[in-house]
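Let's take a walk through this fold together, starting in the middle and working outwards. Keep the structure open beside you as you read.

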Amino acid sequence: MHKLPAPGLPDWIARDLPFERYRLEVEPGLAMHVMEQGEGRPIVLFHGNPTWGYIYRKVAEELRGESIRLIMPDLVGLGFSDRPPTAADHTLANHSRWVASLLRLMKLEDVVAVAQDWGGPISMHALRQDPGMMTGLVVMNTSLTPPRPGFKPTTFHRFFSTRLGDFATRYLGLPQRALWLAQGDRSSISGHVRKAYTFPLSLSRGNGAVAALVRMVPDSMGHPSVPLLREIEEFVGSFSGPSAIVWGSRDPVLGRLLPRHQRLLPNAMVTETSAGHFVQEEVPGEVAAAIRALAS
């Protein structure tokens, strides 16, 4: 595994991230940024849109000193991972391929996967390619199933899939400047934390990924993500290892999907909280407790 150097960070971000940082080339010309803490059983923590590995810093602090290896990659197009050539490259199939390549390069075994938002389906489809790798699963506010016939996209997804939504993303910095609106405690993303989420996306060609990832969400049963989500549902539903669900019930987009994931993972340890979408910011102790329970 040939580690490439990670880009430098401003001091006000670096002080929050006392981790080893590097990049791995997952295909020619495309590298993913990774942060690590500790040694032991690998715990891979997958974020979603429009965040990056920074979202797991509080969870990592809760687990500091324990005999586990926390691995926090940035999805391609987000954080300090490379940007693909075009927005059209952002597909569930491509993200799955890039993450699968990362996991193979790291030669991981006996993995506990921790996933939220788009990190859920992307990581599950990647791990489906090597089903013996994952031996534990922690799920947070995500969707690991295809939509049901007759569904209607949320107002959020309808807006950010339009040209006006694309303009808002590229030129107004939305929704990344307003993540606090999705929280139970809106003060949980404020000040320099709020700024840390927007900083990587303010770099050259940085925020094209945000709108593209929104468009990966199905808006009809004919959407190209739907067949892959069916595969993901089958893979997760057949998983027999230990699992846990930590859910934010005040998530305005995905909060209502907890019962669906309880049916998908009927033996999971469930922790329902009053957090919003980004549970890692509001209830890091509960997320860490779920990881600890599965990793022991």
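Start with β3 and β5 (residues 68-73), which run antiparallel to each other and are joined over four bridges. If you want a landmark for that pairing, look for Met35, which sits opposite Met72 in β5. Bear in mind as you look around that this is a predicted model.

Now stay with β3 itself, residues 30-37. Eight of its eight residues are buried, so the strand is largely enclosed by the rest of the structure. You can see this on both of its faces: Leu30, Met32, Val34 and Glu36 point one way, Ala31, His33, Met35 and Gln37 point the other way, and all are buried. Buried here means under 20% relative accessible area.

What does β3 do with β2? The two strands pair in the antiparallel sense, over seven bridges. Within that pairing, Arg23 is the residue that stands opposite His33. The hairpin that connects β2 and β3 has two residues between the strands, and Gly29 there takes a positive phi near 80 degrees.

Just before that turn comes Glu27, which belongs to β2 (residues 20-27). Is Glu27 buried, exposed or partly exposed? Its relative accessible area is 25%, so Glu27 counts as partly exposed. Leaving aside residues up to four places away in sequence, Glu27 touches Arg97 and Trp98. There is a link across the chain here as well: the C-alpha atoms of Glu27 and Leu102 are separated by 9.2 Å, with their positions 75 residues apart along the chain.

Step back and the strands fall into one picture. Nine strands form an open sheet, in the order β1-β2-β3-β5-β4-β6-β7-β8-β9, and the pairing is mixed. At the edges stand β1 (4-5) and β9 (269-273), each with a single partner strand, so one side of each is left without a neighbour in the sheet. In general, strands of a sheet pair through backbone hydrogen bonds, and they can do so in either a parallel or an antiparallel way.

You have already met the antiparallel kind, so try β6 and β7 for the parallel kind: these two pair over six bridges. Val111 is found opposite Met134 in that pairing. Strand β7 covers residues 134-140, and six of its seven residues are buried, so β7 too is largely enclosed by the rest of the structure.

The loops on either side of β6 (111-116) are worth a look. Ahead of β6, in the loop that follows α3 (92-106), you find Lys107. Lys107 has a positive phi of about 50 degrees although it is not a glycine. Past β6, in the loop leading to α4 (119-128), sits Asp117, another non-glycine residue with a positive phi, this one of about 55 degrees. Which of these two is buried and which is exposed? Lys107 has a relative accessible area of 70%, so it is exposed. Asp117 comes in at 12%, so it counts as buried.

One more backbone detail sits in the loop between β4 (41-46) and α2, where Pro50 lies. The peptide bond from Asn49 to Pro50 is cis, with omega near 5 degrees.

Next, move over to a helix. In α7 (residues 191-198), the buried residues are Val193, Ala196, Tyr197 and Thr198. A bit of helix geometry helps when you look at that pattern: an α-helix has 3.6 residues a turn, so residues three or four places apart point the same way. As for what lies over the buried residues of α7, the cover includes α1 (11-14), α2 (57-62) and α11 (279-282).

Finally, zoom out to the whole chain. The protein's secondary structure comes to 12 helices and nine strands. Its radius of gyration is 17 Å, close to the 19 Å that the globule rule gives for 296 residues, so the protein is as compact as a globular protein of that length. Along the principal axes, the C-alpha atoms fill a box of roughly 50 × 45 × 40 Å. Buried residues make up 58% of the 296. Among contacts between residues at least 6 apart in sequence, 76% join residues at least 24 apart. On the outside, the protein exposes about 12,100 Å², with carbon and sulfur atoms supplying 52% of that area. As for charge, there are 31 positive and 28 negative ones, and their mean positions are 7 Å apart.

Technical notes: Residues numbered from 1 in each chain as written. Predicted model: local features only at pLDDT ≥ 70, side-chain atom pairs only at ≥ 80, totals over all residues. Heavy atoms only, no water. Rg over C-alpha atoms; globule rule 2.2 N^0.38 Å. Buried < 20%, exposed > 50% of the residue type's maximum accessible area, 1.4 Å probe, protein only. Contact = heavy atoms within 4.5 Å. Areas by Shrake-Rupley, 256 points an atom, 1.4 Å probe, with all protein chains shown as cover. Lys, Arg positive; Asp, Glu negative; His and termini not counted. Charge placed at Lys NZ, Arg CZ, Asp CG, Glu CD. Pairing = 2+ DSSP bridges.
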